[in-house]
Amino acid sequence: MKLPGIRRFSLLPASRSEGCRNSLKKDELSNMLRDAGNDAWISQNTRLALALYTKALFCAETDKTRAFAYANRSCVLYRMGAHTETIQDIERAIQHDYPQDRRPRLLARRGQSLLAMHQIDAARAAFMEARQMIRSNSFVIHSHEIQEQLEKGLLKCAQMSHRPDTHTDPPVSSPLFIRQHEVPTITQPRRRRTKKIKRANSKNQRSPSPESHGKAAYKCTLGGQKAGWHLQASRNIEAGEVILIEKPYARRIDKRFLLQHCYQCFKRCLNLLPCKKCSEVGFCSTECEKASWLPDASAETSDTSDASPIPSSVVRSSHRYECGQISRVDFYDFAGWRWMGRNELPSGVSEFVQRYRMRLLVRPRDSNYVNCNMTWLPFACIARTDQKHLKRLIQDTLAQTASTDGTQCASARLLAFSSQNHCPPLDETDDDYLSIGRLGLPGGRVAPHKLWQLTVAAVFLTHCLSAGGYELDWGRHCLSNATDDPLPASWAAACLLHDLQTVSLLATNSLQVEYTTPSSYRQFPSCLIESNRGISLMGGNRLRVGCGIYPMQAMLLHSCDPNTLTVTTNNGTAVLFAARPIRKGETLHRTFGMHYFSQNRVERRLVLLMMYKLECQCNACKEDWPVPLEDVNIRCQNCHRAIRLTGRHLQLADERRPNCHCPLGMQQRFLHQYMRIRSDVTEQMRQFTDYCQSTPFDQLSIAALDKNIDRYLQLLNNESVESLMMPPSISVELINRSLDTGLQLRYGCTFAMTDMSSLHEREEETSECQIS
């Protein structure tokens, strides 16, 4: 920042920048995308056509171009069976002055959608309006063809009105069904048992600790230079218990899902609304668009007096500071290292740059650039923080905060970002940037070459903030502590540099599970066999829709065998569950993406070392657990040594663990106990899988999901299971995976899409739904 060239450098606003022209609205680009969508429609590529029409809508600049994009997308939505979304797009196209000579086709399509939804009177009215428009306007395009469709539609309306009993198929409004759940509470116990089950397991089941009522399940602990602040269990925690419920300080959607999910709430949506100023993001509703533009979601909109206030539960995004320049922010080659490694330098460059490039070429290629998707979330953390609040935090040299033991400790200046000196808040309700500033690096310091690139990225992102309207001082007070001027740019760059090192690595993924239901259930439910009406649990597709920074959960340390799992709810709240019984004083762990069940130790440690500069010391790494294809050993309840089972890793396990030499009859008794547990696990998984396959996704009951989760928790909380199973155990891992699936269905973001593979066979709808 002391270099004058850095302060003199400036970025133009996105509206006047040549590099951001593809991020702004342009009718010419919209028409090109719409033509490409027409080609995809003709080739019966429905998914691609929907994506192209949505992007054409995002790029539309005038009402006329926007109306055509809405009309064309309504045609694809009708083909998919999304009748509710079809009607919405038709109404929007008409609101944007869709041409009168083409409007009868839209009205006919609206009548067909209403007819599919069994709204006979509304469908008849739409057909009659279209017929009246054709009679009064002789310039309607394809009027003869549309008249035939209208006559068929009116005839079907008459048949359904006079003989409603002949139409047995249920109405279909949309192929997309999103499950809506309430967020669990910490005070409500997760485990519930019937009296019968409770009596059967009374000997082996843990009884809740008296101290567990009304006491937080975790506490913040300072664990040294490398561990930093982390969370420990403050009491005994049962499997499935809610440990922590937390809202994100900031979150961002993955760029791959910008055409499918709402930018603000991450909701899956088939007919996104475009941003009013840029062509990069879309929203599921006008409320989400208003919330995304607020710098503070708890404040009310000041543009209109009759605007309703945004609820405090809405995640803050501050899209106003990145609108039109997301392509700038979500970048990775800020220092130009990748470009220099792949291209020759132009003639006339200085000798310093040539020597700089030669030193760059001898370095490993993987260490020469910042990873993708590392910059957008740190940028969001600063964008959603008020300049005055950030400046006040930095200026406060001796901010007093209460520590966990009730004493007072002085936090160092935020400018230094010394996570060892900051006392964390008492609970997860803190919504202060200090909760982000206290976070430390998982593996300690950053390598010098990486720090240089991150510094360049921080300065560039600071210029992006200014270009987006974030008030910063780049003048004479850029490095000083002025009280009346705007926030010094060097301070914002220092915050960004810290966030680039921590937030991008400690973020929590926002997962959504997508299931596919058979299209024949929507069309002919009475003809579908009972065992194939629902979803396949094995066929669920886990989508990393985005990521968010949750300050308390960011303090969880990594383990390849974690004792917690996180479920992200529909409103962005992250719920931390206990994956197994956790004893008082035990450190709470999560996984950074590497798990012993999926990768061997060499692969896990290599990734952790490259990304996090972290050498994992969990039991799975220290003991080099093999990937469990089957259970190898069980633990003797008498001598606590291993009882051998037949398996692929038997010899390896025998070399590392002492064998049991108890009498054979005692070993057989423990073996029978293990076989009963293994049988219970297999039977429970089979029952729940059959239930999900035989029950339509929109009819999965909360009681059935709770019952399934409770049965898995009874197994995990059974002391005999923990004492008998010797890790690595595939039986315990299957219980954990099944519990995760059940919790995702019960509380997480899950949705089902009707399989569209057979929709092209519906020749009648194909002939009637032509491009507008």
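The following conversation goes through a predicted model of a single chain.

User: To begin with, how many helices and strands does the chain have?

Analyst: The predicted model has 28 helices and 20 strands.

User: And what share of the residues is buried?

Analyst: Of the chain's 772 residues, 53% count as buried. The exposed surface comes to about 36100 Å², and carbon and sulfur atoms supply 52% of that area.

User: How do the contacts spread along the sequence?

Analyst: Taking contacts between residues at least 6 apart in sequence, 70% join residues at least 24 apart. One pair that is distant along the chain is Thr 516 and Ala 752: they are 236 residues apart, yet their C-alpha atoms are separated by 5.4 Å.

User: Where does Thr 516 sit, then?

Analyst: Thr 516 belongs to strand S12, which covers residues 508-517. Thr 516 counts as partly exposed because its relative accessibility is 47%. For S12 as a whole, seven of its ten residues are buried, so the strand is mostly covered.

User: Which strands share a sheet with S12?

Analyst: The sheet is open and has five strands in the order S1-S20-S12-S13-S5, with mixed pairing. Strand S1 (176-178) and strand S5 (250-253) stand at the edges with a single partner strand each, so one side of each has no neighbour in the sheet. On average, neighbouring strands are turned by 25° against each other, direction ignored.

User: Parallel or antiparallel for S12 and its partners?

Analyst: S12 pairs with S13 in the antiparallel sense over seven bridges, whereas S12 and S20 run parallel and are joined by six bridges. Val 513 has a bridge partner on either strand: Arg 542 in S13 and Thr 750 in S20.

User: What about the S1 edge?

Analyst: S1 pairs with strand S20 (residues 749-754) in the antiparallel sense over three bridges. Ile 178 stands opposite Phe 751 of S20.

User: Which helix lies across S5 and S13?

Analyst: That is helix H15 (residues 376-383), which runs at about 140° to S5.

User: You mentioned Arg 542. Which residue does its side chain meet in a salt bridge?

Analyst: Its partner is Asp 740, at 3.2 Å from N to O. Asp 740 lies in helix H27 (residues 730-747) and Arg 542 in strand S13 (residues 541-549), so the salt bridge ties together parts that are 198 residues apart in sequence. Asp 740 is buried, because its relative accessibility is 16%, while Arg 542 counts as partly exposed at 37%.

User: Which residue does Arg 746, also in H27, pair with?

Analyst: Arg 746 forms a salt bridge with Asp 706, and the closest N and O atoms are 2.9 Å apart. Asp 706 lies in helix H25 (residues 702-716), so this pair links parts that are 40 residues apart in sequence. Asp 706 is buried at 9% relative accessible area, and Arg 746 is buried at 5%.

User: Do any salt bridges share partners, and if so, which residues are in the network?

Analyst: Arg 73, Asp 89 and Arg 92 are joined into one network by salt bridges that share partners. Within it, the side chains of Arg 92 and Asp 89 meet at 3.3 Å, N to O. These two residues both lie in helix H5 (residues 83-95), three residues apart, which is about one turn of the helix.

User: Why do those two count as buried?

Analyst: The cut-off for buried is under 20% relative accessible area. Arg 92 is at 16%, so it counts as buried, and Asp 89 is at 0%, so it does too. A search of the whole structure finds 22 salt bridges.

User: Changing topic: how many residues does the largest nonpolar core have?

Analyst: The largest nonpolar core has 109 residues, and those with the most contacts inside it are Ile 243 and Ile 549. Helix H19 (residues 489-506) gives the most to this core, with nine residues. A second, separate core of 30 residues includes Ala 239, Val 681, Ile 709 and Leu 739.

User: What does Ile 243 touch?

Analyst: Leaving out residues up to four places away in sequence, the residues touched by Ile 243 include Ile 186, Ala 217, Tyr 218, Phe 577 and Leu 588. Thr 564 is also one of the residues that Ile 243 touches.

Definitions and conventions. Residues numbered from 1 in each chain as written. Predicted model: local features only at pLDDT ≥ 70, side-chain atom pairs only at ≥ 80, totals over all residues. Heavy atoms only, no water. Core = buried A, V, L, I, M, F, W, Y, C linked by side-chain atoms within 4.5 Å. Buried < 20%, exposed > 50% of the residue type's maximum accessible area, 1.4 Å probe, protein only. Helix = DSSP H or I, 4+ residues; strand = E, 2+ residues; numbered from the N terminus. Contact = heavy atoms within 4.5 Å. Salt bridge = Lys/Arg side-chain N within 4 Å of Asp/Glu carboxyl O. Areas by Shrake-Rupley, 256 points an atom, 1.4 Å probe, with all protein chains shown as cover. Pairing = 2+ DSSP bridges. Axes fitted to C-alpha atoms, helices over the stretch in contact; angles between N-to-C directions.
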